[in-house]
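Below is a set of questions and answers on one protein model. The sequence and structure come before them.

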Amino acid sequence: SLLHELVSDSELSNLSPELQNKLEGILIGLQCKIDSLKGQHEQFRVDSEQLFFENVNQLAQCREEISSQTQERLKLKEEYSKLETELKAVLEKNRDHECAQERFSSEKTLLAKAKEELEAEKRELVRTLERRSSEVEHLNDDLKHLNDKLVEVSTSKLALQVKVDELESVQVNVKYKEKRMAQEKELLHGQTSWLNEELKAKSEELLSISRQKGNEILELKCKLENKEDEACEQITGPSEQFEDCDRASPETEWGLDQHTERSMVFFFSL
């Protein structure tokens with residue numbers, strides 16, 4: 001028994017059987033506890049080794065995860081730097097775009113103002129052209145009136161010439177009548193010469209005025225074409241009203257030239 005293993009026989013003999021039984025029971029209880037503690041210790045050792053291996057595996061996994069996360073962090077850092085650079089570039093482009101937008105708005109305002117000024121100049125030139133065209137029409141009317149007068153004077157001249165011829169063909173022996181007819185003929189000749197001179201002066205004056213007005217119309221036309229080209233380059237195409245005025249000016253000028261040519265032909269035919 002355990003008691004005999006721990007205590008010699010001489011010592012046991014000194015103890016009462018009852019005490020020996022108690023000691024034996026105590027020893028047995030202690031041995032059971034020791035066995036139990038040994039089992040627990042063995043189980044704890046096994047559990048500790050298992051836990052150690054598990055912790056080692058977890059540590060390796062953690063290291064791998066930390067390494068992976070570190071690499072991922074570096075990648076994210078690089079991407080962040082790249083995105084930050086791109087963001088700076090985008091912000092710079094945005095600032096440039098805003099500056100360009102401001103410049104565009106300013107230029108648009110200037111162009112709108114220039115357009116208004118050109119439109120005002122165009123309207124003024126159109127009014128001037130209309131006024132000049134009206135003056136040319138009045139001159140055409142005056143020229144027509146003078147042509148009518150010229151025809152009337154020419155008709156009178158022809159009638160008087162026929163009358164003179166008839167009077168000259170009739171041989172009148174009365175000296176008074178011959179003298180009177182000579183005076184009438186001289187007077188009519190003087191009137192005709194005066195009318196011819198007046199008509200020639202008026203025709204030359206009208207021709208000079210016609211040429212002057214024609215030059216003014218041509219200058220206005222050139223100026224209108226220059227303004228129209230300038231307006232086309234900066235804003236939009238020419239307006240139809242301005243083109244109608246341009247087409248009307250050559251027609252008026254042509255009509256004036258035709259009246260002038262007819263007047264000169266009729267004058268020189270006299």
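Q: What distance separates the closest N and O atoms of R45 and E42?
A: A salt bridge is a side-chain nitrogen of Lys or Arg within 4 Å of a carboxyl oxygen of Asp or Glu. R45 meets this with E42. The two are three residues apart in helix α3, and therefore separated by about one helical turn. Their closest N and O atoms lie apart by 2.2 Å.

Q: What kind of model is this, and which pLDDT do side-chain atom pairs need to count?
A: The residues are numbered from 1 along each chain as its sequence is written, and side-chain values use heavy atoms, with hydrogens and water left out. The model is predicted; local features need pLDDT of at least 70, totals for chains, interfaces and linings use all residues, and side-chain atom pairs count only at pLDDT 80 or more.

Q: Are R45 and E42 buried, partly exposed or exposed?
A: Buried means under 20% relative accessible area, exposed over 50%, and partly exposed in between, with a 1.4 Å probe and protein chains only. R45 has a relative accessible area of 34%. E42 comes to 38% relative accessibility, so both R45 and E42 count as partly exposed.

Q: Which residue forms a salt bridge with E49?
A: E49 sits in helix α3 and is partly exposed, at 38% relative accessibility. Four residues away in that helix, about one turn, is R45. The closest N and O atoms of the pair are 2.8 Å apart, and the partner of E49 is R45.

Q: Which residues are linked with R45 in a network of salt bridges?
A: Side chains of opposite charge can pair when their charged atoms come close. R45 forms a salt bridge with E42, and E49 forms one with R45. The residues linked with R45 in the network are E42 and E49.

Q: How far apart are the closest N and O atoms of R95 and E92?
A: R95 and E92 are three residues apart in helix α3, so about one helical turn separates them. R95 is partly exposed at 44% relative accessible area, and E92 is partly exposed at 38%. They form a salt bridge, and the closest N and O atoms are apart by 2.3 Å.

Q: How many salt bridges does the structure hold?
A: R45 with E42 is one of them. R95 with E92 is another. The count for the structure is six.

Q: How many helices and how many strands are there in the protein?
A: Helices (H or I, at least four residues) and strands (E, at least two) are DSSP runs, numbered from the N terminus. From that end, the elements run α-α-α-α-α. The protein has five helices, and its number of strands is zero.

Q: What share of the residues counts as buried?
A: The protein has 270 residues. Among those outside the buried class is E135, which lies in helix α3 and is partly exposed at 27% relative accessibility. The buried share of the protein is 17%.

Q: What separation do the C-alpha atoms of E135 and K213 have?
A: E135 has its place in helix α3. Along the chain, E135 and K213 are 78 residues apart. Their C-alpha atoms are separated by 8.7 Å.

Q: How many disulfides does a search of the whole structure find?
A: A disulfide is a pair of cysteine sulfur atoms within 2.5 Å. C32 is partly exposed, with a relative accessible area of 48%, and C62 is partly exposed at 37%. The number of disulfides found in the whole structure is zero.
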